[in-house]
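Student: I should like to examine this structure step by step, with reasons given for each reading. May we begin once it is displayed?

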Amino acid sequence: MSTEKNGITEWASKDDGAFKRQVSSFRDEIKEGGRFSPEKGRYHLYVSLACPWAHRTLIVRELKGLQDYIDVSTVHPHMLEGGWHFVKPEDASKTPAPASAHSFDTFPAATADKLFGSSYISEVYRQAQPDYSARFTVPVIWDTKEGTIVNNESSEIIRFLNSGFNSILPDGQAKELDLYPEELRAEIDELNEWVYNDVNNGVYKSGFATKQDAYETAVTKLEEALHKLEDRLSDGRQFLVGDRLTEADVRLYTTIVRYDPVYHGHFKCNFGSIRHDFPNINHWLRRLYWTNPAFKDTTNFEHIKEHYYYSHSQINPTRIVPYGPKPDIEPLDAAGVKRSAAEVDGTSKKAK
């Protein structure tokens, strides 16, 4: 979202009321031998804990053991007229106001811009490209050596985080983990395509539609896609593709974990909830959340609910943030609790 007064409702076409997602502008990659080579401490990741697209990058950063290689700045969950903003440097060391205060200045787990002390993410973009005029989105990977943005497209960032640092990672599980294995790529790509169009982006096309026909077209495709995923998981598989964790699981997770807390009500995707109407998806979701810290530790329900309900005043003009659902995510069943975290990495052991 730019610093000009472009409301979120303007993301929808004035002709048919359908939501149109912006194409990302910075499309380089980190790889050995390239312009942006892997180096510890060289790159910085800008994220929102509320944003599902940025959430993908945080999950992969943890899965690949890159926490000490790439530092992170986290924007405040309020995205208002100025776009995503940061906590001011002078406020960053203070105890933040509680989420219930809806403070513009501080929020739990929001940070200052650790590189430049910027007020808004738009300032980071304009350091890379002074005449940049599109929406200022997250995630962003910044290169401190060349002083520019490497990439702001989440699907590409998670690909090069998956493989681009392997040459400098120590031997071990994180280095060996491959979320986009050669033998599964065709199936992953096929799944990603319709999941992106009808689920990841489908909730936004439903929620930001400004005409009834556009909304109903999007929400019915979303419903069909969720039933398709429910059927896919009905054979007891633990992962979407193959018998191992892949980027397909990461990409779907960040939408599904937000579904009951936000999309079901706020985006009018209320044909059913994940916890009550899609038991196979719900079990897949809970396993990822409760058995793998990379998923649980990067999921912040306070940021998620505060962002959507407080920022989208054209949808929720009172800016009241709902009390529920309770709990944010259901616990694993007794059998699921016995499953080891190693299973999420692809070992597929049966629960006792």
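**A guided reading of the model**

Tutor: The loop between strand 4 (83–84) and helix 2 holds histidine 102. The model is a predicted one.

Student: What is the phi of histidine 102, and is the residue buried or exposed, or partly exposed?

Tutor: Phi of histidine 102 is near 55°, which is positive although the residue is not glycine. Its relative accessibility is 26%, and buried requires under 20% while exposed requires over 50%. Histidine 102 therefore counts as partly exposed.

Student: Where does lysine 268 lie, and what is its phi?

Tutor: Lysine 268 is placed in the loop between helix 8 and helix 9 (274–277). With a relative accessible area of 41%, lysine 268 is partly exposed. It is not a glycine, yet its phi is positive, at about 60°.

Student: What is the secondary structure of the protein, and what percentage of its residues count as buried?

Tutor: The secondary structure comes to 14 helices and 6 strands. Among contacts between residues at least 6 apart in sequence, 73% join residues at least 24 apart. Of the 352 residues, the part that counts as buried is 54%.

Student: At what angle do helix 5 and helix 7 pack, and how far apart are their axes?

Tutor: Two packed helices are described by the angle between their axes and by the distance between those axes. Helix 5 covers residues 185–200 and helix 7 covers residues 212–232. The angle is about 145°, and the axes are 8 Å apart.

Student: Which residues of helix 5 meet helix 7, and how do the residues of this contact divide into nonpolar, polar and charged?

Tutor: From helix 5, the contact involves Glu187, Leu191, Trp194, Val195, Asp198 and Val199. Their partners in helix 7 are Lys221, Leu222, Ala225, Leu226, Lys228, Leu229 and Arg232. The residues of this contact divide into 8 nonpolar, no polar and 5 charged.

Student: How far apart are the end C-alpha atoms of helix 5, against what a straight helix would reach?

Tutor: Helix 5 has 16 residues, and at 1.5 Å a residue a straight helix would reach 22 Å. The end C-alpha atoms of helix 5 fall short of that span, being only 19 Å apart.

Student: Which residues of helix 5 are buried, and what covers them?

Tutor: The buried residues of helix 5 are Ile188, Leu191, Asn192, Trp194, Val195, Val199 and Asn200. What covers them includes helix 1 (52–63), helix 3 (154–163), helix 6 (202–207), helix 7 and helix 8 (247–266).

Student: Which side chains make a polar contact with the side chain of asparagine 200?

Tutor: Asparagine 200 is found in helix 5, and it counts as buried because its relative accessible area is 2%, under the 20% limit. Leaving aside neighbours within four places in sequence, it is in contact with Trp53, Arg56, Val195, Arg251, Leu252 and Thr255. Two of these residues appear in polar contacts of its side chain: the side chain of arginine 56 at 3.5 Å, and that of threonine 255 at 2.8 Å.

Student: Which backbone oxygen does the side chain of histidine 266 reach?

Tutor: Histidine 266 is found in helix 8 and is buried, with a relative accessible area of 4%. Apart from neighbours within four places in sequence, its contacts are with Tyr308, Tyr309, His312, Ile315 and Asn316. At 3.2 Å, its side chain reaches the backbone oxygen of tyrosine 308.

Student: How many disulfides are there?

Tutor: A pair of cysteine sulfur atoms must lie within 2.5 Å to count as a disulfide. Cysteine 51 is buried at 7% relative accessible area, and cysteine 269 is buried at 0%. The count of disulfides comes to 0.

Student: Which peptide bonds to proline 139 and proline 325 are cis, and what is omega for each?

Tutor: Proline 139 lies in the loop between helix 2 (121–128) and strand 5 (140–143), while proline 325 lies in the loop between helix 12 (301–311) and helix 13 (334–337). The bond from valine 138 to proline 139 is cis, with omega near 10°. The bond joining glycine 324 and proline 325 is cis, with omega about 0°.

Student: How far apart in space are threonine 210 and alanine 18?

Tutor: Threonine 210 sits in the loop between helix 6 and helix 7, and at 45% relative accessibility it counts as partly exposed. It is 192 residues from alanine 18 in sequence. Their C-alpha to C-alpha separation in space is 6.8 Å.

Notes:
Residues are numbered from 1 along each chain as its sequence is written. This is a predicted model: local features need pLDDT of at least 70, side-chain atom pairs count only at pLDDT 80 or more; totals for chains, interfaces and linings use all residues. Side-chain values use heavy atoms; hydrogens and water are left out. Buried means under 20% relative accessible area, exposed over 50%, partly exposed in between (1.4 Å probe, protein chains only). Axes are lines fitted to C-alpha atoms, for helices over the stretch in contact, and angles run from 0 to 180 degrees between N-to-C directions. Helices (H or I, at least four residues) and strands (E, at least two) are DSSP runs, numbered from the N terminus. Contact means heavy atoms within 4.5 Å. Ala, Val, Leu, Ile, Met, Phe, Trp, Tyr, Cys and Pro count as nonpolar, Asp, Glu, Lys and Arg as charged, and the others, Gly among them, as polar. The expected span of a helix is 1.5 Å times one less than its number of residues. A polar contact is a pair of N or O atoms within 3.5 Å; within protein, one must be able to donate a hydrogen and the other to accept it, and residues adjacent in sequence count only if both atoms are side-chain atoms.
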